[in-house]
Amino acid sequence: MLHLYDTAERSVRELNLREPGRVSIYLCGPTVYGPPHLGHGRATLVYDILRRYLEWTGLEVRLVSNITDIDDKIIDRADREGRPWEEITSKCESVWFTAMEGIDVIRPTDVPHATEWVVEMVAMIGALIERNAAYVTSDGVYLSVESVPGYGLLAHQSLDDMLAGGGDREVFGASEKRHPADFALWKLAKPGEPAWPSPWGEGRPGWHSECVVMSLGLLGDGFDLHCGGQDLRFPHHENERAQAVALGREFARHWMHNGFVVDAEGEKMSKSLGNVSNLLDLIETYDPRAYRMVLLQSHYRSPVGISGDGLDAAGRSLAGLDSFAARLADVAQRCDADTEVLAEFTAAMNDDLDTPRATALIFDTVRQSNSAIDAGDADRAGALAAAVFEMCAAVGLRLEGRSEIPDEAKALAAELDAARAAKDYPTADRIRSELQDAGWTVETTRDGTTLRR
RNA sequence: GGCGACGUGGCCGAGUGGUUCAGGCAAGGGCCUGCAAAGCCCUGUACAUGGGUUCGAUUCCCAUCGUCGCCUCCA
């Protein structure tokens, strides 16, 4: 069974499922007010790899990932551009899913929107007030973090320690807060702002409430795994947990956080630094699978540097896998995957999603399979190749093997073979360059010419 | 100031107390090929610095230097 690092316990431990055979996962999704960047791409790819792997092992995965479609940032942008906020959120959401499709991330099983869950949030906030865990001020409702046992579990810091530091930052927010770390559950609307009714006045929910209501609402108490980027660990996830604890409900049983994407200088990419790269640009410029490959070759908890050179290198390694797929697809089809290889793969993946080890295994197996086919051992080559295809599928690497070849190109390939058979090499070379110019990868072998895109 | 991560061969990026190796990309040599491509084989004596523990450290401990993250915008 899968072992994963648990941020709450600070150690790798088994992912204990609430229900055998089924995994319930909540992943904090995007706030839709701008284009998805590389950081979003990493998070979604990491959890897409996790999801595919879990499904590959035979588990039924329910992956809930929300869309935050009401937020101060959205309102700000709507104001700035003089557009309805709903226009921004719907546009950004559609761009989001276009990008996700581009990097081949499977759509979550559930995609709840914050605005669809406001009634539930209002009810939850009411319950928090009743339990004396929240209080009303002149601008909204706040959660009292001091009422929450174990606040700081994910921050790895006690409330006192958090306050002791703070660097140069302004720690205090709204003046009516009872404690600087208290956070808004409900924000009363200013004139012209989007608003929903509540017992405390028209307003909108705070950011940390939606995920509690939606995760518990869709997945139920004590769901298996809560995921997101490192930057959500605190305060977002801490505050989600705080609300659930204050309500007396069992929240996520396991917490998983992926590392950041850093730029060439080693700095985290972030919106505020302005060094983000648009995910859509990446997909246009590079093999869309290259990003997944780069991530597979590093560990999900480590920071990963994304550069053009790195993506190109990954693209070239993918080209090798593609030509392998083209070469071995047929023979693999007749074989069962080598069980030893798959066992090794599973062991690596179960060890806190050790994709670097798993990826190394894929490349090793490719080499062995190539050697076997060169040595004429088709059974061995096929079993190894079948294992390669299984492993690639399990992590979402789509290999491009045989492609559709138009008759015209087929005819040229036949001419090429004929020319070679006749030892008319000038003609053969001419046809080959012609095909290459047309975008084909041409492999001429003793057995004839194969073409790939 | 508090908490945390990290410094590995040309580049990216794993990992480990001690003989043989992560893996990818790039480079050099070879086999194969009409020539290529693809594939296969071989090659690099890497682990920030200074101490310490140890029979032995890149791996453990301490210090130093450097980089980065979180401490209510953020995947």
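# Exercises on a predicted model

V136 stands opposite V141 of strand β6, and this pair is a convenient place to begin reading the structure, which is a predicted model.

**Exercise 1. In which sense do β5 and β6 pair, and through how many residues does a hairpin join them?**

Solution. Start from the facing pair, in which V136 lies across from V141 in β6. The next step is to look at the whole pairing, where β5 and β6 run in the antiparallel sense and are held by four bridges. Finally, following the chain from β5 to β6 shows a hairpin that passes through two residues.

**Exercise 2. Describe the pairing of β1 with β2, and find the residue in the turn that has a positive phi.**

Solution. Strand β1 covers residues 3-6 and strand β2 covers residues 11-14, and the two run antiparallel with four bridges between them. Within this pairing, L4 is the residue opposite R13 in β2. The two strands make a hairpin with four residues between them, and in its turn R10 takes a positive phi of about 60 degrees.

**Exercise 3. Check the length of helix α4 against the expected span, and then work out how its buried residues are arranged around the axis.**

Solution. Helix α4 holds 13 residues, 118-130, and at 1.5 Å a residue it should span 18 Å; the C-alpha atoms at its ends are 18 Å apart, so the expectation and the model agree. The buried residues of the helix are V118, M121, V122, M124, I125 and L128. Because these residues cover an arc of only 165 degrees around the axis, they lie on the same side of α4. The general background is that an α-helix has 3.6 residues a turn, so residues three or four places apart point the same way. On the face turned away from the buried side, α4 carries the exposed residues V119, A123 and E130. The cover over the buried residues includes the strands β5 (134-137), β6 (140-143), β7 (183-188) and β8 (203-205), together with the helices α6 (207-219) and α7 (230-247). Just after the helix, N132 has a positive phi of about 65 degrees.

**Exercise 4. Which residues have the most contacts inside the largest nonpolar core, and which domains contribute to this core?**

Solution. The largest nonpolar core has 114 residues, and those with the most contacts inside it are I125, L143 and L185. Its largest share, 11 residues, is supplied by helix α13, residues 378-395. At least three residues of this core come from each of domain 1 (3-262) and domain 2 (286-395). To look more closely at one member, set aside the neighbours of I125 within four places in sequence; I125 is then in contact with A134, V141, L185, W186 and S209. Apart from the largest core lies another one, of eight residues, which include A409, A413, L416 and W440.

**Exercise 5. Compare the expected span of helix α1 with the distance between its ends, and decide whether the helix is largely enclosed or largely open.**

Solution. Helix α1 has 19 residues, 38-56, which at 1.5 Å a residue should span 27 Å, and its end C-alpha atoms are 26 Å apart, which agrees. Of these 19 residues, 16 are buried, and therefore α1 is largely enclosed by the rest of the structure. The helix is followed by G58, which has a positive phi, near 100 degrees.

**Exercise 6. Is E340 buried or exposed, and how does T98 count?**

Solution. E340 belongs to helix α11, residues 339-350. Because a residue is exposed when 12 or fewer other C-beta atoms lie within 10 Å of its own, E340, with 11 such atoms, is exposed. T98 belongs to helix α3, residues 85-102, and with 14 C-beta neighbours inside 10 Å this residue counts as partly exposed.

**Exercise 7. Give an account of chain A as a whole: its secondary structure, its domains and its dimensions.**

Solution. The secondary structure of chain A comprises 15 helices and 14 strands, and 41% of its 453 residues count as buried. The domain assignment divides the chain into domain 1 (3-262), domain 2 (286-395) and domain 3 (407-452), and the centres of domain 2 and domain 3, taken over C-alpha atoms, are 29 Å apart. Along the principal axes, the C-alpha atoms fill a box of roughly 90 × 50 × 40 Å.

Note on methods:
Residues numbered from 1 in each chain as written. Chains lettered and ligands numbered in written order. Predicted model: local features only at pLDDT ≥ 70, side-chain atom pairs only at ≥ 80, totals over all residues. Expected span 1.5 Å × (residues − 1). Buried ≥ 20, exposed ≤ 12 C-beta atoms within 10 Å, placed from the backbone. Arc of directions from axis to C-beta. Contact = placed C-beta atoms within 7 Å. Core = buried A, V, L, I, M, F, W, Y, C linked by C-beta atoms within 7 Å. Domains from an automatic or database assignment. Pairing = 2+ DSSP bridges.
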